[in-house]
Amino acid sequence: MPADSVTVTDDPDRQYRTRNGKVPGDLITVTDPETAQRWRLLTDFTSPGESWFVLDQCPGCDAEVPVVRIACLADLGDYLDPDTGLVLVDEAQDSLLHRASCALALPN
Ligand SMILES: [Zn+2]
């Protein structure tokens, strides 16, 4: 995938606490140059630089949530493969990310 297919911008929806106050996280957008399909990724702060979260619609309520953790584009391919069973990451179950009464959200 060419480097210009990947852009990193400030995340308008998520901020993170630092010593100097809150700062926006990185929102990574990967665009397939052939299909123009786009995927949005967040940094996984449990292993920065080694894994990311894929943002996608919650299958229960359509809210955008971090659905799976990936370490490479092959992992993204696995996620997109309809034959792969979807197992949401723990981070996806934060009820604050979902619409009310979504069955996939765990209470805080
Ligand atoms: Zn949901």
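**View 1. Helix α1 lies across three strands of the sheet.** Welcome to this predicted model. Helix α1 covers residues 73–80, and the strands it lies across are β3 (38–43), β4 (52–57) and β5. Relative to β5, the helix runs at about 125°. The chain has one helix and five strands, so named views like this one are easy to place: going from the N terminus, the elements follow the order β-β-β-β-β-α.

**View 2. Five strands make an open sheet.** Here you can follow the strands across the sheet in the order β1-β2-β3-β4-β5, with antiparallel pairing. At the edges sit β1 (6–18) and β5 (64–70), each of which pairs on one side only. On average, neighbouring strands of this sheet are turned by 35° against each other, direction ignored.

**View 3. β1 meets β2.** Strand β2 takes in residues 21–31, and nine bridges join it to β1 in the antiparallel sense. For a landmark, look for Gln15, which stands opposite Pro24 in β2.

**View 4. Ten residues form the largest nonpolar core.** Its members are Leu41, Trp52, Phe53, Val54, Leu55, Cys58, Val65, Val67, Val68 and Ala92. Two elements, β4 and β5, each give two or more residues to this core. The largest share comes from β4, with four residues. In the chain as a whole, 13% of the 108 residues count as buried.

**View 5. Val54 and its contacts.** Val54 is one of the residues of the largest nonpolar core. Setting aside neighbours within four places in sequence, Val54 is in contact with Trp39, Leu41, Pro66, Val67, Val68, Ile70, Leu76 and Tyr79. Among these partners, Leu41, Val67 and Val68 also belong to that core.

**View 6. Asp4, in the segment before β1.** Is Asp4 buried or exposed? Asp4 counts as exposed because it has 8 C-beta neighbours inside 10 Å, and a residue is called exposed at 12 or fewer. Between the C-alpha atoms of Asp4 and Ser95 the separation is 35 Å, and these two residues are 91 residues apart along the chain.

**View 7. Stepping back to the whole chain.** Along the principal axes, the C-alpha atoms fill a box of roughly 45 × 40 × 20 Å. The radius of gyration is 14 Å, which agrees with the value near 13 Å for a compact globule, because the chain has 108 residues. Of the contacts with a separation of 6 or more, 31% join residues 24 or more positions apart.

Terms used: Residues numbered from 1 in each chain as written. Predicted model: local features only at pLDDT ≥ 70, side-chain atom pairs only at ≥ 80, totals over all residues. Pairing = 2+ DSSP bridges. Axes fitted to C-alpha atoms, helices over the stretch in contact; angles between N-to-C directions. Contact = placed C-beta atoms within 7 Å. Core = buried A, V, L, I, M, F, W, Y, C linked by C-beta atoms within 7 Å. Buried ≥ 20, exposed ≤ 12 C-beta atoms within 10 Å, placed from the backbone. Rg over C-alpha atoms; globule rule 2.2 N^0.38 Å.
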